[in-house]
Amino acid sequence: PGAVVEYTIDVSNTGSTDATSVEVTDPIPANTSFVVGGVTTTGTVAYSNDSGATYAYSPVADANGVDLAVTNLRVTFASVAATSGTAQVVFEVKID
């Protein structure tokens with residue numbers, strides 16, 4: 001408990017045209033807490049506190065730097081280039 005784990009999600013486009021408005025969603029793993037400020041990406045990040053039904057939540061860190069209410073995150077990439085274009089999101093959670 002208390003260890004920080006980093007998750008990396010890689011996105012690639014092997015198609016012949018650019019992919020636009022690419023969305024990646026991921027739940028926060030069970031028995032972990034979302035680390036506020038622990039997201040690295042070139043996309044736009046939105047957060048959910050209702051298991052992904054909506055993405056209008058703004059995380060607030062508690063004394064341990066986590067927000068227990070965050071249940072899911074969504075990252076939107078404006079475009080992922082054709083023929084081997086890539087995008088990435090990295091986020092951190094703390095083991096409960």
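Ser 48 is buried, at 0% relative accessibility (buried means under 20% relative accessible area, exposed over 50%, partly exposed in between, with a 1.4 Å probe and protein chains only). The model is predicted: local features need pLDDT of at least 70, side-chain atom pairs count only at pLDDT 80 or more, and totals for chains, interfaces and linings use all residues. Residues are numbered from 1 along each chain as its sequence is written, and side-chain values use heavy atoms, leaving out hydrogens and water.

**Around Ser 48**

Ser 48 belongs to strand 4, residues 44–48. Strands (E, at least two residues) are DSSP runs, numbered from the N terminus. Setting aside residues up to four places away in sequence, Ser 48 touches Ala 53, Thr 54, Tyr 55, Tyr 57, Ala 69, Val 70, Thr 71 and Asn 72. Contact means heavy atoms within 4.5 Å.

**The three-stranded sheet**

Strand 4 sits in an open sheet of three strands, in the order 2-6-4, with antiparallel pairing. The edges are strand 2 (19–27) and strand 4, and each pairs on one side only. Neighbouring strands here are turned by 20° against each other on average, direction ignored. Axes are lines fitted to C-alpha atoms, and angles run from 0 to 180 degrees between N-to-C directions. Two strands pair if DSSP finds at least two bridges between them. Strand 2 and strand 6 (residues 72–80) are joined by eight bridges in the antiparallel sense. Across this sheet, Val 22 stands opposite Phe 77 in strand 6.

**The four-stranded sheet**

A further open sheet holds four strands in the order 1-7-3-5, with antiparallel pairing. Strand 1 and strand 5 are at the edges with a single partner strand each, so one side of each has no neighbour in the sheet. Strand 3 (residues 32–41) and strand 5 run antiparallel and are joined by two bridges. Phe 34 stands opposite Asp 67 in strand 5.

**Aromatic pairs and core**

The whole structure contains two aromatic pairs. In one of them, Tyr 7 and Phe 91 have ring centres 5.4 Å apart and planes at 15°, so the pair is stacked. Rings of Phe, Tyr and Trp (its six-membered ring) pair if their centres lie within 6.5 Å; planes under 30 degrees apart count as stacked, over 60 as edge-to-face and the rest as tilted. Tyr 7 lies in strand 1 (residues 4–13) and Phe 91 in strand 7 (residues 85–95), so the pair ties together parts 84 residues apart in sequence. Tyr 7 is partly exposed at 32% relative accessibility. Phe 91 is buried, at 0%.

Phe 91 is also among the residues with the most contacts inside the largest nonpolar core, which has 16 residues; Val 11, Ile 28, Phe 34, Leu 73 and Phe 77 are the others named. Such a core is a set of buried Ala, Val, Leu, Ile, Met, Phe, Trp, Tyr and Cys residues joined through side-chain atoms within 4.5 Å. Strand 1, strand 2, strand 6 and strand 7 each supply at least two of its residues. Beyond its neighbours within four places in sequence, Phe 77 contacts residues including Val 11, Val 22, Val 24, Thr 41 and Ala 87.

**Positive phi in loops**

Most residues other than glycine have a negative phi. Two residues with a positive value are listed here.

| Residue | Phi | Loop | Relative accessibility |
|---|---|---|---|
| Ser 51 | near 60° | between strand 4 and strand 5 (66–67) | 60%, exposed |
| Thr 83 | about 55° | between strand 6 and strand 7 | 59%, exposed |
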